[in-house]
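Dear colleague,

Please find below the structure that I am handing over to you. My notes on what was found in it follow directly after.

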Amino acid sequence: MRTGGPTVTSRVVATAGHVDHGKSTLVRALTGMEPDRLAEERRRGLTIDLGFAWTRLPSGTDLAFVDVPGHERFVTTMLAGAGPVPAALVVVAADEGWMPQSAEHLDALDALGVEHGLLVITRCDLLDPEPAREDALAELARSSLGVPGVVEVCAPRGEGLDALRAALDHLVTGVSEPDPRADVRLWVDRAFSIRGAGTVVTGTLGAGTIRVDDELELAGRRVHVRGLQSLGRPVEEARGVARIAVNLRGVPREAASRGDALLTPGTWLAPAEFDAALRGVRGTEPGSLPREVMLHVGSAAVAVHVRPLAPGFARLRPERRLPLRIGDRAVLRDPGRRAVVAGVEVLDVLPPALRRRGAAARRAAELAEPDVGTAAGELRRRGIVRIADLAAMGVARAEVDAVVADGWLVAPGRANEAVDALAAAVRAHDAAEPLDPGLTMEAARRAADLPTPGLVAAVLTAAGTRTLQLRDGRVHLGGARGLPEPVRAALEKLRADLTANPFRAPEADRLAELGLGPRELAALVRAGELVAIADGVVLLPDAPDRAVDLLRGAGPTFTLSEARRALGTTRRVAVPLLEHLARTGRTQRTDELTHRVR
């Protein structure tokens, strides 16, 4: 595949209808192209695999067709083609009318929630089209398509084709434009190799933009885009919605197959299970489902285990993980009954475990709440959620009331619970270890059940509580209330000594008299009640700042002896205090003998 050419955007519709009702003939007449790719298809006059063709409408809009097989044996192929496409062309032959595969194709479109479509009555030269039209419209009216526009044609004679082109122009203008900045998910519907180019995959790009040289993800491996084609032309970039072919660099042919997806790396979740709303097709309620059915989403067809939660809701576990987001639509089909049994709307791709009695019913009640899938609703239910996970889940960005830190959101109620848990944990720890008060940040994180230590500081700041304080990388109770009574009493006596003589650090005998050994002193330092300037030399916490104020009056520069006299202390205290002041950036040496305040 060669690269080059402009950016491309186009529109895409899929055909739907019973076998041999003229879908491929109609596409051929509109485009002048042969949608049936396989020689066997052309020999038998029967579409077996997906076909693709395109044309330019009167408005200048490029329109691509995904031509699907109508035979019952190829419903899986039909769903692979129609799944990613936002609009459908429902084809009914005037001489045969509404047929079984007309109904199943419509059930699939209804299950997918397709709202944009046209009804085309073919072979109008063979029989009065009015009965087929009336029957088809009655069936369509009970589906997501509602009452679409109707065009009557005789494709071999070209009758009605101009009206159909005009109707298609009107149809595609009603389909909303996708976001070109959205994360890419291209469901692969064909994969093949071209000599000299390598592996090529095709699909309908629903949203986002793919460019030549982009790095994407395919089946868990990083791949690079070597070239792009859309509507038979090489392009530099393609934006959804568009039919595209992507040439992948260095990817073996067997590494790609129908049902895989090309993804923007690191932005999609592939859940082992997910919760979904189930809806009947064409106005019916979804009945009881088999425990194992087929899930059709995008171009993928995967067996899933169904766990009912309550009427209209289920937890689905696919046999392989799929890239899904909240709001995705899919089809459940029972191969045994050969019928579409329900439509699926994904509601949660990170669902909670269901362990307790009654959990399924409570979960269904949550899924029925109107704020499911919103940032506020998901945060309220989860309590804590990673911002990147919300985006990967498909939740639209919105301002929410939350504590924010380290890429996480914490709901206010959950933050209050964390603060309460922290206070209880600190009290319990201080009671058990009175000389080692406060919790480390990691211990505090575990006690509050928060994902990162940074959230500990964030929830404490948001709470504005005085009960807990952050000091020296630990969470403490306010003041020294966690210290034993004898230590608090000794601290009060020591504080009186140092208030009278701020820089006369107590000697070892005075500390022994007060019962303050190394462990007790270390506890007081950790509690912020004392500052240690050397081993066994402690002062009140404000002593360094008070020392700086006094030393400013000693002159522009001062010696150790001058500092000792200004502070009214001994060499035992003055030497380590000056070293402490220099180490903390308050003073500096001017030469070997003198210092100055910064």
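Setting aside neighbours within four places in sequence, threonine 199 is in contact with Phe192, Ser193, Val246, Asn247, Leu248, Val251, Pro252, Arg253 and Ala256. Please note that this is a predicted model. Threonine 199 belongs to strand E10, which covers residues 198–205. Its relative accessible area is 1%, and because buried means under 20%, threonine 199 counts as buried. A polar atom of the threonine 199 side chain lies 2.5 Å from the backbone oxygen of valine 251, a residue that is also in the contact list of threonine 199. From threonine 199 to glycine 250 the C-alpha to C-alpha distance is 7.9 Å, with their positions 51 residues apart in sequence.

Asn247, one of the contacts of threonine 199, leads to the next group of strands. Asparagine 247 lies in E16 and is the bridge partner of glycine 227. Strand E16 (residues 242–249) pairs with E13 in the antiparallel sense, over five bridges. Strand E13 (residues 221–230) also pairs with strand E12 (residues 215–218), again in the antiparallel sense, over four bridges. Within that pairing, valine 223 in E13 is the bridge partner of leucine 216. The hairpin of E12 and E13 has two residues between the strands, and alanine 219 takes a positive phi near 50° there. E13 further pairs with strand E14 (residues 233–235), antiparallel and over three bridges; leucine 228 stands opposite valine 235 in E14. The hairpin of E13 and E14 likewise has two residues between the strands, and in this hairpin leucine 231 has a positive phi near 55°.

Two open sheets deserve separate mention. One has three strands in the order E27-E29-E28, with antiparallel pairing. Strand E27 (439–440) and strand E28 (468–471) are at the edges, each with a single partner strand, so one side of each has no neighbour in the sheet. Helix H10 (residues 412–432) packs on this sheet and touches E27, E28 and E29; the direction of H10 makes about 80° with that of E29. E27 and strand E29 (residues 474–477) run antiparallel and are joined by two bridges, with leucine 439 opposite valine 475 in E29.

The other open sheet is also made of three strands, in the order E32-E34-E33, with antiparallel pairing. Here strand E32 (558–559) and strand E33 (587–589) take the edge positions; each has a single partner strand, so one side of each is left without a neighbour in the sheet. Two bridges join E32 to strand E34 (residues 594–597), and these strands run antiparallel. Threonine 559 stands opposite threonine 594 in E34.

Three helices may also be of interest to you. In helix H8 (residues 375–382), the buried residues are Ala375, Gly377, Glu378 and Leu379. Among the elements that cover them are strand E24 (384–386), helix H9 (387–393) and strand E26 (408–410). Glycine 383 follows H8 and has a positive phi, near 80°.

Helix H5 (residues 130–141) contains alanine 136, which is buried at 0% relative accessibility. Beyond its neighbours within four places in sequence, alanine 136 is in contact with Val92, Trp98 and Leu119. Alanine 136 and glutamate 417 are 281 residues apart in sequence, and their C-alpha atoms are 58 Å apart in space.

Helix H1 (residues 23–31) contains threonine 31. With a relative accessibility of 14%, threonine 31 also counts as buried, because the limit is under 20%. The side chain of threonine 31 reaches the backbone oxygen of valine 27 at 2.8 Å. Leaving aside neighbours within four places in sequence, the contacts of threonine 31 are Ala53, Trp54, Thr55 and Phe65.

Finally, a word on the aromatic rings. The count of aromatic pairs comes to zero. There is, however, a charge over a ring: the charged end of arginine 325 sits over the ring of tryptophan 268, 3.7 Å from the ring centre.

With kind regards

Technical notes. Residues are numbered from 1 along each chain as its sequence is written. This is a predicted model: local features need pLDDT of at least 70, side-chain atom pairs count only at pLDDT 80 or more; totals for chains, interfaces and linings use all residues. Side-chain values use heavy atoms; hydrogens and water are left out. Buried means under 20% relative accessible area, exposed over 50%, partly exposed in between (1.4 Å probe, protein chains only). Contact means heavy atoms within 4.5 Å. Two strands pair if DSSP finds at least two bridges between them. Rings of Phe, Tyr and Trp (its six-membered ring) pair if their centres lie within 6.5 Å; planes under 30 degrees apart count as stacked, over 60 as edge-to-face and the rest as tilted. A charge sits over a ring if NZ of Lys or CZ of Arg is within 6 Å of the ring centre and within 35 degrees of the ring normal. Axes are lines fitted to C-alpha atoms, for helices over the stretch in contact, and angles run from 0 to 180 degrees between N-to-C directions. A polar contact is a pair of N or O atoms within 3.5 Å; within protein, one must be able to donate a hydrogen and the other to accept it, and residues adjacent in sequence count only if both atoms are side-chain atoms.
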